[in-house]
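Welcome! Have the sequence and the 3D view open side by side, and take your time finding each part as it comes up.

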Amino acid sequence: MPTSGLFSRNLKKTFPIAVRGEGCWIVDESGRRLLDAAGQAAVLSIGHGVAEIGNAMAQQSGQLAFAHTSQFHTEPAEKLAARLLALAPPNFRNGGRVYFTSGGSEATETAIKLVRQYQVETGQPERYRVVSRRQSYHGSTLGAMAVSGNVARRAPYVPLIPEWGHIAPCFCYHCPFEKTFPDCGLACAEDLETFVREHQTETAAAFIFEPLVGATLGAAVPPEGYAKRIAEICRKHGILLVADEVMTGMGRTGKPFAVQHWGIEPDIILVGKGVASGYAPLGGVLASAHVVEAIGGGSGAFMHGFTYQAHPVCTTAGNAVLDYLETHKLFERVDSAGKNLRQALVPLEKHPHIGEIRGMGLLFGVEFLKDKAAREPFMKSDNTAEKMRQAAMDEGVLTYPTQGCVDGHRGDHLLLAPPFTISEEECKLVGSALAAALRKVFPS
Ligand SMILES: Cc1ncc(COP(=O)(O)O)c(C=O)c1O
């Protein structure tokens, strides 16, 4: 076993030491430059090594590094909350509030408790279930695991996890109902209606979903009408709608929040990853006005808290990242950069082991299949996604591999989510590295 004092993600592996980041590139201790085509894990939006973010954080840290939220609010947290609400759908803008956390999982935990308290405060204490979807990921803490449907990530912890109900994923390429859009009548959305009918509507507090399923399904985009239908069903049954935009939010899909592509107004939106672009551990729960009113007009106190919530240095990083995104018009850049990346990936589509290349904005999934015509995945033991990741890395390009998109066990894909600054040339490098990796992993 390699020696390291760090409890690494895989104790059987050796990890290179990263020493520097510049734009879309990470440099390791041997001086090797790697093109970060996954933004690590869909985190980096503005790219690596932007000095003004660290400068702003240092300035804030020197002025006031910490103040506990039971005693003080701070200016950077107040400012970032207002800016995020201004980017959100209209129901957040007048009276919405943001609860800042240290990352995505804490945001999910916070949302689970917030929807429960909302139901209690509005006189519906029997509502507690946070319904979610199979083949989804909302974080690694136990509450977040309860609402996640990622089979592998849940497996060892199943005895610890309450079961509140999971409905079908929305995944046209491997439709769980073996139907085709639009003839399917959005059977995957109707599965929520079926669930609430069969499990007494009155126990459902909320429904949580990723607008595009990121890590688990490899950027699966829902068909037209899905998000609207889900929102309608939630409204009809008094179920709060939580959009987990930890991966898709903050511009990743070409709009500040992915739900804005379909014009829906969730009750709660979660952010993480891109909100500080990796410069600080930061996440957040955007609560719409009526959710805030329910607590504010009731007990007034949300029974929840973290020592480091709304941290002044982390929220300063969030403000500096947002300044950078705005000054350099990076939100606007996602669509054109996304087109360049898609263009660079098009030649791969002909490959006999590439199933689908899917996504939106700068969030793409590249799925590998054993038999393309039959859409048959590789065996899990073939380890195709990991082999492709390694081969792409040997070509100097970093990607984010996952297995299980088809049924929780089988199915291999790589996720691509580069910084919004990625150039046309760098997109071409991603395409050529993946082509070379395919030749290596599938020699003919
Ligand atoms: C959609 C989604 N929600 C929540 C999380 C958890 O975020 P974190 O790893 O910051 O706790 C992730 C992380 O990958 C995610 O993709």
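Strand β7, residues 204-209, is mostly covered, with 6 of its 6 residues buried in this predicted model. Let us begin with the neighbours of this strand, then visit the ligand, some unusual backbone spots and another sheet.

**Around strand β7**

- Which strands pair with β7? One of them is β5, residues 129-133, which pairs with β7 in the parallel sense over 3 bridges.
- Strand β8, residues 240-244, also pairs with β7 in the parallel sense, here over 4 bridges.
- F207 is a handy residue to click on: V131 stands opposite F207 of β7, and in β8 the bridge partner of F207 is L241.
- Follow the chain from β7 through helix α8, residues 226-237, to β8, and you trace a right-handed β-α-β unit.
- As a general rule for reading strands, side chains in a regular strand alternate between the two faces of the sheet.

**Around the ligand**

- Which residues surround the ligand? They are G103, G104, S105, Y137, H138, G139, E210, D244, V246, M247 and K273.
- Sorted by class, this shell has 3 nonpolar, 5 polar and 3 charged residues.
- A backbone contact comes from G104, where a polar backbone atom is 2.9 Å from an oxygen atom of the ligand.
- Side chains take part too: a polar side-chain atom of D244 lies 2.7 Å from a nitrogen atom of the ligand, and a polar side-chain atom of K273 lies 3.0 Å from an oxygen atom of the ligand.
- How much of the ligand does the protein bury? Taken alone, the ligand exposes 390 Å², and the protein buries 82% of that.

**Unusual backbone spots**

- Here is some background: most residues other than glycine have a negative phi, and most peptide bonds are trans.
- Which residues does a cis peptide bond join? The cis bond joins F181 and P182, with omega at about 5 degrees.
- To find P182, look in the loop between β6 (166-167) and α7 (187-198).
- M250 is not a glycine, but its phi has a positive value, near 60 degrees. M250 lies in the loop between β8 and β9 (268-271).
- Is M250 buried or exposed? The cut-off for buried is under 20% relative accessible area, so M250, at 3% relative accessibility, counts as buried.
- K273, which you met beside the ligand, has a positive phi as well, near 30 degrees, and is likewise a residue other than glycine. K273 lies in the loop between β9 and β10 (283-287).
- Because partly exposed covers values between 20% and 50%, K273 counts as partly exposed at 26% relative accessibility.

**An open sheet**

- In what order do the strands of the open sheet run? Its 4 strands follow the order β1-β2-β3-β13, and the pairing is mixed.
- The edge strands are β1 (18-22) and β13 (397-398), each of which pairs on one side only.
- β1 pairs with strand β2, residues 25-28, in the antiparallel sense over 4 bridges.
- To line up these two strands on your screen, find A18, which stands opposite D28 in β2.

Methods:
Residues are numbered from 1 along each chain as its sequence is written. This is a predicted model: local features need pLDDT of at least 70, side-chain atom pairs count only at pLDDT 80 or more; totals for chains, interfaces and linings use all residues. Side-chain values use heavy atoms; hydrogens and water are left out. Buried means under 20% relative accessible area, exposed over 50%, partly exposed in between (1.4 Å probe, protein chains only). Two strands pair if DSSP finds at least two bridges between them. A crossover is right-handed if, with the strands pointing away from the viewer, the path from the first strand over the helix to the second runs clockwise. A residue is near a molecule or strand if one of its heavy atoms lies within 4 Å of it. A polar contact is a pair of N or O atoms within 3.5 Å; within protein, one must be able to donate a hydrogen and the other to accept it, and residues adjacent in sequence count only if both atoms are side-chain atoms. Accessible areas come from the Shrake-Rupley method with a 1.4 Å probe; for residues, only the protein chains shown count as cover. Ala, Val, Leu, Ile, Met, Phe, Trp, Tyr, Cys and Pro count as nonpolar, Asp, Glu, Lys and Arg as charged, and the others, Gly among them, as polar.
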